[in-house]
Amino acid sequence: MVNLNVVLLISFLLFSIGIAGVLIRRNALVILMCVELMLNAANLNFIAFARHSGSVSGQAFALLVMGFAAAEVAVGLALVVALYRKRDTVQVDDINLLKG
Amino acid sequence: MEHLFETIGRNMFAIFGVMALCGAAFMIASRSAVHSVLGFLFAMLCVAGCFLSMEAEFLGMAQILVYAGGIVVLFLFVVMLVEMSKKKEKEVFQLQSRYAVAAVLIGAAAFVGVFRKVIFGASSPEALVLRPELAQGLDVAHQNAQAVSRGLFADYLLPFEILSVILLVALVGAVVLAKTERV
């Protein structure tokens, strides 16, 4: 028996760690990983509420979110590689092409 | 001893959750990108354990396959390609003090707002507990994959098809973005 509050608390903390990583890290790869972490926190909530309400929709949508995460990471890593070719760095503060 | 095992079994979710939090913290705190990827892998495996302890067996296995098998390997390859950079990270963290403090305060307020009944409420109503009797009709515990597939292919067929188109677009986009410009 899992208490729903425990699920919500852990998913909240995972999401906060993800947000903190996106905000304070400078490495584009680590930022992408933090985005994945946030998607996983959302998935935890989906599954917890699916279990709570006895419906399978939450689990189906968690699977869809997993697919979206895979698509997103493919595009994101391609962007990182392209950026590394052009600018020879993956540190986000070195990338200031649009700064006037 | 049996009592200990029983306690562990009942709190499996919390154990896996705390381990996932530790992995995530290691991920954002470590200086080298490879260590970050390893922390990410650990966190993902622990989240898969959380899924399993919530009786979402199919999703737990899919999580292990997709993340540990696919995404982490992809990340490791890109780290190998990219991290030879001469420009190293000068400081790992980038703290913009005033905004950071404001964001932390807002986050803490949101946390208290959401969880105040859990933390302070002595008079809180009974805790929300996952209700197995509602999931009984689905037979989630025994035929999880069957139940998920019924949801996915009967009720949510359109989102599923849209997702397949999105994956195709992402595939083409990744190839176009990452290819060398020697046409």
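This is a short conversation about a predicted model with chains A and B.

Trainee: What should I know before we start?

Mentor: Residues are numbered from 1 along each chain as its sequence is written, and chains are lettered from A in the order in which they are written. Because the model is predicted, local features need pLDDT of at least 70 and side-chain atom pairs count only at pLDDT 80 or more, while totals use all residues; side-chain values use heavy atoms, without hydrogens or water.

Trainee: Why is Met12(B) called partly exposed?

Mentor: Buried means under 20% relative accessible area, exposed means over 50%, and partly exposed is in between (1.4 Å probe, protein chains only). Met12(B) has a relative accessible area of 32%, so it is partly exposed. You will find Met12(B) in helix α2 of chain B.

Trainee: What makes a group of residues that includes Met12(B) a nonpolar patch?

Mentor: Patch residues have over 30% relative accessible area and no salt bridge, and nonpolar side chains (Val, Leu, Ile, Met, Phe, Trp, Tyr) are joined within 5 Å. A salt bridge here is a side-chain nitrogen of Lys or Arg within 4 Å of a carboxyl oxygen of Asp or Glu. With its 32%, Met12(B) passes the 30% mark. Its partners in the patch include Met1(B), Phe5(B) and Phe42(B), and together the members have about 740 Å² of accessible area, by the Shrake-Rupley method with a 1.4 Å probe and only the protein chains shown as cover for residues. Helices α1 (2–10) and α2 of chain B each give two or more residues to this patch.

Trainee: How do you know how many helices each chain has?

Mentor: Helices are DSSP runs of H or I with at least four residues, strands are runs of E with at least two, and both are numbered from the N terminus. On that basis chain A has 3 helices and 0 strands, and chain B has 8 helices and 0 strands.

Trainee: What makes the largest nonpolar core a core?

Mentor: A nonpolar core is a set of buried Ala, Val, Leu, Ile, Met, Phe, Trp, Tyr and Cys residues joined through side-chain atoms within 4.5 Å. The largest one has 60 residues, and Leu44(A), Phe40(B) and Phe75(B) touch the most other members. Domain 1 (1–83) and domain 2 (136–183) of chain B, with bounds from an automatic or database assignment, both give residues to this core, so it lies between them.

Trainee: Which residues does Phe40(B) touch?

Mentor: Contact means heavy atoms within 4.5 Å. Leaving out residues up to four places away in sequence, Phe40(B) touches several residues, among them Met33(A), Leu37(A), Tyr67(B) and Phe75(B).

Note on methods: Patch = residues over 30% accessible without salt bridge, like charges linked within 9 Å, V, L, I, M, F, W, Y side chains within 5 Å.
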